[in-house]
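Reader: Hi! I am in my first year and still learning to read protein models. Could you take a close look at one part for me?

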Amino acid sequence: MAYRNQQEFIQALEKAGELVRIRTFVHPKLEIAEITDRISKSGNGGKALLFENTGTAFPVLMNAYGSEKRMCMALGVQHLDDVTSEIEQLFKLLSAPKEGLLDKLKLLPKLGQFASWMPVVKSGRGECQEVVMPNPDIGKLPVITCWPKDGGPFITLPIIHTKDPNTGARNVGMYRMQLFGPTLTGMHWHKHKVSARHFAEYKKTGKKMPVAVALGGDPAYAYSATAPLPENVDEYMLAGFLRKKKVELVKCITQPEIEVPADADFVIEGFVDPNEEPIWEGPFGDHTGYYSLPDWYPRFHITAITHRKHPVYPATIVGIPPQEDAWLGKATERIFLAPIKMTLVPEIVNMDMPVEGVFHNLVIAQIKKEYAGQGQKVMNAMWGAGQMMFNKILVIADEHTVITDYTRLARDVFRNCNPATDINFSQGPMDVLDHSCSKLGFGGKMCIDGTTKSEEETDTDYKLPENTNGLPAASDLKSRWQAIAAVNMGLPQHGIPCLIVAVRKDRPGHIRQLHQELTQLAGMEGIKLILYVEHTVDPADLPVALWRFCNNLDPRRDHFLAERTATTDSNKKFACLGLDGTRKTKELDNFQRDWPNIIVADDATIRAVDAKWNDLGLGAFLSSPSLKFKDQVYGEEAVVS
């Protein structure tokens, strides 16, 4: 369904009991983010929050997409898989043979629907231009500062419009924007993004690049701006498909080359000058749960700010998962399963991106396997599919498992996996935000092939463990190796031959040496994989341990395979893979880049929100999620000291 505007969406949320209005004054600097963080982690995503008293003329909407129910409401469906089914049916209809007249006539209604989804440019002004700010000043909007070491306030849900200067093709993306002055922000588009390519083309011409930023409007717009569409596929066609109604656009006032949604709440018009020096932008507490560190990005000069009457400023925070963005990612996972299946990986049955993997770090693909090597075939196809090129850890499972039951999944994958032969390592493009790579945007990848192996794929030189009986006690390991802070020995009790070991690393090669020593123990022959994490991490807290591990690992650089003769069969080899998910440093790992801190709220903000909690109307007191992570921070800055 289509919402007339963001106000209608807010009304729908409130009617469904999914929104809380907060009338007490809450400061956009840090306080709104802290309250939102508590609510988003309170179970099932909490509620959407409308902060009505922000010290500005405008309220702030937070956590609007932050649950499965609200994400479905935003896209106008009962279940996210409803969109998957519709796309799959559409692909089947378009790809089916059309030999007779009747077959072709069946397409006509669908072609009519296609036409109804295409965006259209209206003449005249839209609701988004009902009010024109006489002297544009972005500081008059309640732009939030999310985290204490952020470089400043950031616009966090901007729908950014650019065009290719050669073809006129539009791109709609979402890139954070740091405020530097009344008419100046940064424009944080990464080199892999389409808008960055548009900028590169403008550099060749030497002309200023027109840009427009929309905020609000139908919630399908913000989702579509985040969707990993192929280049030159208009995001507003996707939005039209989702809302079953074409998006109406109007020309900007000072940048008429660019069109924006007529029903947006705010529009910020301006330009980026490719001949101008970039600006030092950041840090920013990012969706990885770590700060992304400062770098040089283009300057965006504001030429106009317009808005509808009674607008609402939409924003989001990202940080230690789970956050609102997890549901935007879940929508993408479900919506784009059908295109992947129908065009690239026909054997794929299902896909899951666990929240601990913060989108790219961990992806699980379930396939219908029919021949030897099919897991590797899927691996190569997935890593070549659009933004899946950023994936770090890919797990491939059989069609008979349940990939959302992580205990059963792990049992099935490990049962089918020989760590010496069934885990593949590669390297390639990585997300610019991945701090574990030795080089920015380029690093290692790993694929765990957990499918049932055929005779051709089986190496009979290895003795695969049948049970984990005889494992040494955690206390014995800690007493023998003083660097071991804690061990999670619970996974083998569930049939998962994996240990998680927290280590206080203190010398070069420490983790590699420890892994070799641990795997010499006879009782370790039931273990296939050992994950090593920071000594500050509780390995028994699986969601946190996996989140920290996935972020800190470069699989190609940080793996070591221990092999020796099996004690139960001298003709066979025992193998156990170690993966180093600890922090990397120059002194111990020859790591030359700065390492970021994890994101936590400061004590003053926590105390301020504690003091006003009873006035917020949010129910029983919720303590700050940041308190759990205070002892995992190194120093006080965005960069680890």
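What follows is a walk around one serine, with a few unusual backbone spots afterwards.

Reader: Where does Ser195 lie, and which residues is Ser195 in contact with, leaving aside its neighbours within four places in sequence?

Author: Happy to help! This is a predicted model, in which local features need pLDDT of at least 70 and side-chain atom pairs count only at pLDDT 80 or more, while totals for chains, interfaces and linings use all residues. Residues are numbered from 1 along each chain as its sequence is written, and side-chain values use heavy atoms, with hydrogens and water left out.

Ser195 sits in helix 7, which covers residues 194–205. Helices here are DSSP runs of H or I with at least four residues, strands are runs of E with at least two, and both are numbered from the N terminus. The relative accessible area of Ser195 is 0%, so it counts as buried. The cut-offs are these: buried means under 20% relative accessible area, exposed means over 50%, and partly exposed is in between, using a 1.4 Å probe and protein chains only.

Now for the surroundings of Ser195. Setting aside neighbours within four places in sequence, Ser195 is in contact (heavy atoms within 4.5 Å) with Thr162, Asn171, Tyr175, Trp189 and Met209. The Ser195 side chain also makes a polar contact with the side chain of Asn171, at 3.1 Å. Another polar contact links the side chains of Ser195 and Tyr175, at 3.4 Å. A polar contact is a pair of N or O atoms within 3.5 Å; within protein, one must be able to donate a hydrogen and the other to accept it, and residues adjacent in sequence count only if both atoms are side-chain atoms.

While you have the model open, look at some backbone spots too. Most residues other than glycine have a negative phi, and most peptide bonds are trans. Phe359 is not a glycine, yet its phi is positive, about 75°. Phe359 lies in the loop between strand 21 (348–352) and strand 22 (362–367), and is partly exposed, with a relative accessible area of 23%. Asn590, also not a glycine, has a positive phi of about 55°. Asn590 counts as exposed, because its relative accessibility is 59%.

Finally, a cis peptide bond joins Gly282 and Pro283, with omega about 0°. Pro283 is in the loop between strand 15 (279–281) and strand 16 (284–285).
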